[in-house]
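I opened this notebook to keep track of what I looked up, entry by entry. I begin with a single residue and work outward to the helices and strands.

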Amino acid sequence: MARRIEHRTTSRRPARDVYAALVDETYLRERLDALGGTDPRLVAFTTTETSTSYQLRQGVPADKLPSVARGLLGGDLVIDRAESWTEAGYAGTVEVTLNGVPGRLDGTITLADTASGSELTLTGQVKVGIPLMGGKLETLIAEQVALLLDKETEFTAEWLDRHA
C-alpha cells in the first residue's frame, strides 16, 4: 500500500520570488550546505527559459535515524531527490529514492500566490515495498519529508531576506 502525502508551507513572499529562489543554483547549493546533512551534493542542474530540473543528494547519519530505519539500512541514509519545475504555473514534479530501501516518493509541487504571500503544496505518495515494515517506513518517510519542507521554507525565507 502507498501512503498519500499532502503538505503545505507558506511564505510571506509572492510565488514569483519563491520560485526564483527554488530554481536558482546558488540558492540550492547554499540550502544543501545548510540542510543537506552528510555529503550533500547538487548532482545535476539544467535550466532553460521556461523550466529548471535538478538532482540533489543528501545524507542522514545513521545515528539520527529511528531504530527501525537503522536496522534496515545498516548505515547512513542517502536520499536522491529530482525536481523539475516549469515557470508557467510555478508547478513541478518531485521523485525521491532512498538507498537500501525498495521504495520512493513521487509527487507534484505547486506554488501559488495567497492574500498574504504564497503557498507551496506537495501532493504525492510514498511507497515502500517491504512486507510488514513498509507501512511503518512510509509513515516515517512522510513525516520526515514534511519536517524537511518546513526547514527548507524557513531557509528560503531567510535566504530571500539576505538577497532582496
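**Entry 1: Arg13**

I listed the residues that Arg13 touches, leaving out those up to four places away in sequence, and found Val18, Gly117, Ser118, Leu160, Asp161 and Ala164. I note here that the model is a predicted one. Next I looked up where Arg13 sits, and the place is the loop between β1 (2-11) and α1 (15-22). Is Arg13 buried or exposed? Its relative accessibility is 15%, so I put Arg13 down as buried, the cut-off being under 20%. I also checked the side chain of Arg13 for polar partners. One of its polar atoms lies 3.3 Å from the backbone oxygen of Leu160. Leu160 is thus on my contact list for Arg13 and in this polar pair too.

**Entry 2: α1 against α4**

Leu160 belongs to α4, and I met this residue again when I looked at how α1 and α4 touch. The axes of α1 and α4 come within 10 Å and cross at roughly 100°. Angles of 65 to 115 degrees count as roughly perpendicular, and α1 and α4 are therefore roughly perpendicular to each other. From α1 the contact takes in Asp17, Val18, Ala21 and Leu22. From α4 it takes in Thr156, Trp159 and Leu160. Val18 is also one of the residues that Arg13 touches.

**Entry 3: helix α2**

I turned to α2 (25-35) and began at its N-terminal end. Asp24 caps that end, with a side-chain oxygen 2.9 Å from the backbone nitrogen of Thr26. Which residues of α2 are buried? I wrote down Tyr27, Leu28, Arg31 and Leu32. Viewed down the axis of α2, these buried residues fall within an arc of 135°, so they line one face of the helix. I then looked for what that buried set packs against, and the elements are α1, β2 (41-47), β3 (51-60), β4 (77-86) and α4 (134-162).

**Entry 4: α2 against α4**

What is the angle at which α2 and α4 pack? I found about 125°, with the axes 11 Å apart. That value is outside the ranges for parallel, antiparallel and perpendicular, and α2 and α4 are therefore oblique to each other. The crossing is right-handed. On the α2 side I listed Tyr27, Glu30, Arg31, Ala34 and Leu35 as making the contact. On the α4 side I listed Lys151, Glu152, Phe155, Thr156, Trp159 and Arg162. Two of the α2 residues in this contact, Tyr27 and Arg31, are also among the buried residues of that helix.

I followed up Phe155, which is found in helix α4. Its relative accessible area is 10%, so I count Phe155 as buried. Setting aside neighbours within four places in sequence, I found Phe155 in contact with Tyr27, Glu30, Arg31, Ala34, Leu35 and Arg162. I also took a distance from Phe155 to Ala69: they are 86 residues apart in sequence and 27 Å apart in space, C-alpha to C-alpha.

**Entry 5: positive phi values**

I looked for positive phi and came first to Gly37, just after α2, at about 70°. Asp39 is not a glycine, yet its phi is positive too, at about 45°. I placed Asp39 in the loop between α2 and β2. At 49% relative accessibility, Asp39 counts as partly exposed. Tyr90, another residue that is not a glycine, has a positive phi near 45°. Tyr90 lies in the loop between β4 and β5 (91-98).

**Entry 6: Gln55 and Asp80**

I went to the strands last. Gln55 is in strand β3 and, at 26% relative accessibility, counts as partly exposed. Beyond four places in sequence, Gln55 touches Arg41, Leu42, Val43, Ala44, Asp80, Arg81 and Ala82. Glu95 is 40 residues from Gln55 in sequence, and their C-alpha atoms are 9.3 Å apart.

Asp80 lies in strand β4. Its relative accessible area is 17%, so I count Asp80 as buried. Which side chain makes a polar contact with the side chain of Asp80? I found that of Arg57, at 2.6 Å. With neighbours within four places left aside, Asp80 is in contact with Gln55, Leu56, Arg57, Glu95, Val96 and Thr97.

Terms used
Residues are numbered from 1 along each chain as its sequence is written. This is a predicted model: local features need pLDDT of at least 70, side-chain atom pairs count only at pLDDT 80 or more; totals for chains, interfaces and linings use all residues. Side-chain values use heavy atoms; hydrogens and water are left out. Helices (H or I, at least four residues) and strands (E, at least two) are DSSP runs, numbered from the N terminus. Buried means under 20% relative accessible area, exposed over 50%, partly exposed in between (1.4 Å probe, protein chains only). A polar contact is a pair of N or O atoms within 3.5 Å; within protein, one must be able to donate a hydrogen and the other to accept it, and residues adjacent in sequence count only if both atoms are side-chain atoms. Contact means heavy atoms within 4.5 Å. The arc is that of the directions from the helix axis to the C-beta atoms. Axes are lines fitted to C-alpha atoms, for helices over the stretch in contact, and angles run from 0 to 180 degrees between N-to-C directions. Angles under 35 degrees count as roughly parallel, over 145 as roughly antiparallel, 65 to 115 as roughly perpendicular and the rest as oblique. A crossing is left-handed if the near helix is turned anticlockwise from the far one by less than a right angle, and right-handed if clockwise.
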